[in-house]
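Please find my notes on this model below. They take the pockets before the aromatic contacts and end with confidence.

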Amino acid sequence: MSSSISGVAALAIDCADPGALATFWQKLLGGQVVLDTDGNAELRRNGSNVRFDFLKVPEPKSGKNRLHLDLRSRVYDAAIAEALSFGATLADDVYDGGEWQVLRDPEGNEFCILRPRSNV
């Protein structure tokens, strides 16, 4: 690690509807959504030093993400069902191998749900 960098402060996510997308991620990850006067949103999570910033941009998402989140599940199938009920969609066109599940959030950003860690 660079001696000049102390850590990750935030993950910035460009989107069309910051409040709605922040609320989707809040359902998955917990925390509190805070809206600012410019229409942007922030997801603040207790116990985490990394903030999620949702920033309004005019252009739509295009292409596959170059960076995405991998979320560890406690109960794999239940986590996928929950994400789908919150508005995610399956992204089997990206990967359909069974090791993990790729999904898209309501604005098309890919993320993965991983199986629980084994005790082995």
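**Notes on the predicted model**

1. Start with the second largest pocket of this predicted model. The volume of this second largest pocket is about 370 Å³. Its lining is made up of 13 residues, and those closest to the centre are Leu28, Arg72, Arg74, Ala79 and Glu82.

2. Which elements give two or more residues to that lining? They are helix 1 (18-29), strand 5 (69-72) and helix 2 (76-86). Helix 2 supplies the largest share, four residues. By class, the lining of the second largest pocket holds eight nonpolar, four charged and one polar residue.

3. Now the largest pocket. Its volume is about 510 Å³. It is lined by 24 residues, with Ile13, Asp14, Asn65, Leu67 and Asn109 the closest to its centre. Two or more lining residues come from each of strand 1 (10-15) and strand 8 (110-114). Strand 1 gives the most, with five residues.

4. The chemistry of the largest pocket deserves its own point. Of its lining residues, 11 are nonpolar, eight are charged and five are polar.

5. Asn109 should be looked at separately. Asn109 is among the residues closest to the centre of the largest pocket. Its place is in the loop between strand 7 (100-104) and strand 8. Is Asn109 buried or exposed? Its relative accessible area is 12%, so Asn109 falls under the 20% limit and counts as buried. As for its distance from Gly31, the two residues are 78 apart along the chain, and their C-alpha atoms are separated by 20 Å.

6. Next, the rings. The whole structure contains four aromatic pairs. Phe24 and Trp25 make one edge-to-face pair, because their planes stand at 90° with the ring centres 5.4 Å apart. The cut-off for that label is over 60 degrees.

7. Both partners of this edge-to-face pair can be checked for burial. Phe24 is buried, at 3% relative accessible area. Trp25 is buried as well, at 2% relative accessibility. Ring pairs also join Phe24 and Trp25 with Phe111 in a cluster.

8. How are the rings of Tyr95 and Trp100 arranged, stacked or edge-to-face? They are stacked, with 4.4 Å from centre to centre and 20° between the planes. Tyr95 has a relative accessible area of 22% and is therefore partly exposed. Trp100 is partly exposed too, with a relative accessible area of 33%. Both values lie between the limits of 20% and 50% that bound the partly exposed class.

9. One charge sits over a ring and should be noted. Arg115 lies over the face of Tyr76, 3.9 Å from the ring centre.

10. Finally, confidence. The mean pLDDT of the protein is 93, and 98% of the residues reach 70 or more. Confidence is highest in strand 6 (residues 89-90), at a mean of 98. It is lowest in strand 1, at a mean of 95. Strand 1 is also the element that gives the most residues to the lining of the largest pocket. As a general caution, predicted coordinates should not be read in detail where pLDDT is low.

Notes:
Residues are numbered from 1 along each chain as its sequence is written. This is a predicted model: local features need pLDDT of at least 70, side-chain atom pairs count only at pLDDT 80 or more; totals for chains, interfaces and linings use all residues. Side-chain values use heavy atoms; hydrogens and water are left out. On a 1 Å grid over the protein atoms alone, a cavity is a set of points where a 1.4 Å probe fits but cannot get out, and a pocket is an open set with protein on both sides within 12 Å along at least five of seven lines; lining residues have an atom within 4 Å of a point. Grid points are joined across faces, edges and corners, and a volume is the space filled by probe spheres set on the points. Ala, Val, Leu, Ile, Met, Phe, Trp, Tyr, Cys and Pro count as nonpolar, Asp, Glu, Lys and Arg as charged, and the others, Gly among them, as polar. Rings of Phe, Tyr and Trp (its six-membered ring) pair if their centres lie within 6.5 Å; planes under 30 degrees apart count as stacked, over 60 as edge-to-face and the rest as tilted. Buried means under 20% relative accessible area, exposed over 50%, partly exposed in between (1.4 Å probe, protein chains only). A charge sits over a ring if NZ of Lys or CZ of Arg is within 6 Å of the ring centre and within 35 degrees of the ring normal. pLDDT is the predictor's confidence in each residue, from 0 to 100.
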